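Student: Could you take one part of this chain and examine it closely, after first setting it in the context of the whole? I would prefer one connected account to a list.

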Amino acid sequence: MPELHSIVIHCRDPYLLAPFWSVVTGLPVVPEDEAKLADRSLTPGESVLLRDPHGHRPDVWISPVPDLPAPGRIHLDLVGDAEERADVLAAGATVVRELPGWTVLADPEGNEFCLLPHRP
């Protein structure tokens, strides 16, 4: 089955939620995003990355969205090949949309997640 790549937390205010989730997960904000948080210079819609400096845990993205539609403030980004994609679809996922470089899918209740190709 696909491996967990990253977790995306949709939010209204990344300046509020990025520090919160950094504390809760124990994952530091990457230095570039830490500086943007400190001087409040994120561009509209820009996400904040929390990353394990040792590379042992999935990344967490704090991603602002204009609306928080149901379902889903949090979705998973998975990494998989064509066979794993077929397995996910066979398990009941549906394709929501194809994007350059990844596919947005939904579970049987409509919660969205992404399937990305393996990193080189």
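Tutor: What follows goes from the whole chain to a buried position in a strand, and then to some residues to compare with it.

The model is a predicted one, in which local features need pLDDT of at least 70 and side-chain atom pairs count only at pLDDT 80 or more, while totals for chains, interfaces and linings use all residues. Residues are numbered from 1 along each chain as its sequence is written, and side-chain values use heavy atoms, with hydrogens and water left out.

The chain contains three helices and seven strands (DSSP runs numbered from the N terminus, H or I of at least four residues for helices and E of at least two for strands), and their order from the N terminus is β-α-α-β-β-β-α-β-β-β. Its radius of gyration, taken over C-alpha atoms, is 15 Å, which agrees with the value near 14 Å that a compact globule of 120 residues would have (the rule being 2.2 Å times the number of residues to the power 0.38). Along the principal axes, the C-alpha atoms fill a box of roughly 45 × 35 × 25 Å. Of the 120 residues, 39% are buried (under 20% relative accessible area, with exposed meaning over 50% and partly exposed in between, for a 1.4 Å probe and protein chains only). Among contacts with a separation of 6 or more, 58% join residues 24 or more positions apart, a contact meaning heavy atoms within 4.5 Å.

The part to examine closely is Val-104, which sits in strand β6 (residues 102-106). Val-104 counts as buried because its relative accessibility is 3%. Setting aside neighbours within four places in sequence, its contacts lie on both sides of it along the chain: Thr-94, Val-95, Val-96, Arg-97 and Leu-99 are touched, as are Glu-112, Phe-113 and Cys-114. Cys-114 is ten residues away along the chain, yet its C-alpha atom is separated from that of Val-104 by 4.5 Å.

Two of these partners lead on to other elements. Thr-94 and Val-95 are also touched by Leu-89, which reaches Leu-105 as well, when residues up to four places away are not counted. Leu-89 belongs to helix α3 (residues 82-90) and, at 30% relative accessibility, counts as partly exposed. Its C-alpha atom is 28 Å from that of Pro-64, although 25 residues separate the two in sequence.

Cys-114 gives the second link, for it is also among the contacts of Asp-77, together with Leu-4, His-5, Ser-6, Val-8 and Leu-116, residues up to four places away again being left out. Asp-77 is part of strand β4 (residues 74-79), and its relative accessibility of 10% is why it counts as buried. Between the C-alpha atoms of Asp-77 and Pro-117, which are 40 residues apart along the chain, the separation is 10 Å.

For contrast, Arg-40 lies in the loop between α2 and β2, where its relative accessible area of 55% makes it exposed. Although Arg-40 is not a glycine, it has a positive phi of about 55°. The picture around Val-104 is therefore that of a residue at 3% relative accessibility, whose listed contacts include Cys-114, a residue that Asp-77 of the chain touches too.
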